[in-house]
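Visitor: Before we begin, could you show me the chain and its fold, and then explain the words that you use for them?

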Amino acid sequence: MTQTTAFVAIHCLVYNHEPYLRDCLEGFVMQQTNFPFVAIVHDDASTDGSAAIIREYEEKYPDIIKPIYETENQYSKHDGSLGRIMNAAIDATGAKYVAMCEGDDYWTDPLKLQKQVDFLESHPEYDMVCARFNHLFHETGEISYTDLYDKLGIVGNGIEIKQKHFVDFIQPHPCTVLYHKDTLCDHPIIPKLKYRFDIPIYYCFLYLHRIWLMNEKMAIYRKHAGSLTTGGDTPSWSLTESHKELLSYFPEDPNLKLMVQCDFRKIIMYASLLESYTLKDFVLHLSNYIAHKPKIRNIISLIVKILRNRIKYLCG
């Protein structure tokens, strides 16, 4: 990858995104800005035609598309190599800001970068800006025009995202984010996190910085069989562990305590619908949940819901 100078660097991870990748790359090259920008497109040794598509765009838009082609998958090493590679590539651009978008999502607003840079340049009290988005269900082609920010009842240009919003799963979505590059690299905790998902990263970010949500739809978040979050309500143990890791840094944070409780409720509810669910599982899950000191009424409510799930399963 050749070194360049840009005002914004786009952070784009690709792995077997062939069916979706053109939408993503078109979203980059259509951006209309009064500043230079580049897209660091990292293909993590895809086994489909992703690399060929990236090469096509690299040839057509050499000033924008700056690819990295791996011969060995970096993500699967779980040793931080992927992060180091991307950080070094972004540092080499000299960019002041970093935008995010993975290869299966895409931008719909050709002025996304310009609008977000203009906001941060004119509002130095904020270090990150995000936007609203629509969901695309790839298998059906259906687009959902509601998003997780609807419950905020936003009026006007936007709203400040705060840690209390994370309890209701309201947080910045990576495909809409733009931030000051140095704020993540220089953060005292984020580089130490074992679970560097978007939620724990943005939550830590808010201890030192502020995030603004723009009240505009600027992107599509695609849900498909290969998506990490496809399944909607299917719980993730790793996400729960990431919240527990945050609690180790901020043990008195009431929002984090609620988030961990919500995680356990979600996991228990999901597990109780499985055929293999046993009384031993129930006792283990319930004891883990109680260890995080939920309210008595929430414990009773959870037990009732589990019993309903088991009766529903046993009755076919």
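Guide: What follows is a conversation about burial, contact, strands and salt bridges.

Guide: This is a predicted model, in which local features need pLDDT of at least 70, side-chain atom pairs count only at pLDDT 80 or more, and totals for chains, interfaces and linings use all residues. Residues are numbered from 1 along each chain as its sequence is written, and side-chain values use heavy atoms, with hydrogens and water left out.

Visitor: Why is His180 called buried?

Guide: Buried means under 20% relative accessible area, exposed over 50%, and partly exposed in between, with a 1.4 Å probe and protein chains only. His180 has 17% relative accessibility, so it counts as buried.

Visitor: Which residues is His180 in contact with, leaving aside its neighbours within four places in sequence?

Guide: Contact means heavy atoms within 4.5 Å, and, with those neighbours left aside, His180 is in contact with Lys96, Tyr97, Tyr126 and Asp127.

Visitor: What makes Ile296 exposed?

Guide: The relative accessible area of Ile296 is 59%, and exposed means over 50%, so the word applies. Ile296 is found in helix α11, residues 296-314, where a helix is a DSSP run of H or I with at least four residues, a strand is a run of E with at least two, and both are numbered from the N terminus.

Visitor: How do you know that strand β3 is mostly covered?

Guide: In strand β3, residues 65-69, 4 of the 5 residues are buried. Strand β2, residues 37-43, pairs with β3 in the parallel sense over 5 bridges, and two strands pair if DSSP finds at least two bridges between them. Asp43 stands opposite Tyr69 in β3.

Visitor: Why is the link between Arg210 and Glu160 called a salt bridge?

Guide: A salt bridge is a side-chain nitrogen of Lys or Arg within 4 Å of a carboxyl oxygen of Asp or Glu. The closest N and O atoms of Arg210 and Glu160 are 2.8 Å apart, so the pair meets that limit. Arg210 lies in the loop between α7 (198-208) and β10 (211-223) and Glu160 in strand β8 (residues 158-161), so the pair ties together parts that are 50 residues apart in sequence.

Visitor: Are these two partners buried or partly exposed?

Guide: Arg210 is partly exposed, with a relative accessible area of 32%, whereas Glu160, at 18% relative accessibility, counts as buried.

Visitor: How many salt bridges does the structure hold?

Guide: The structure holds 11 salt bridges, including the one between the side chains of Lys115 and Asp109, at 2.7 Å from N to O.
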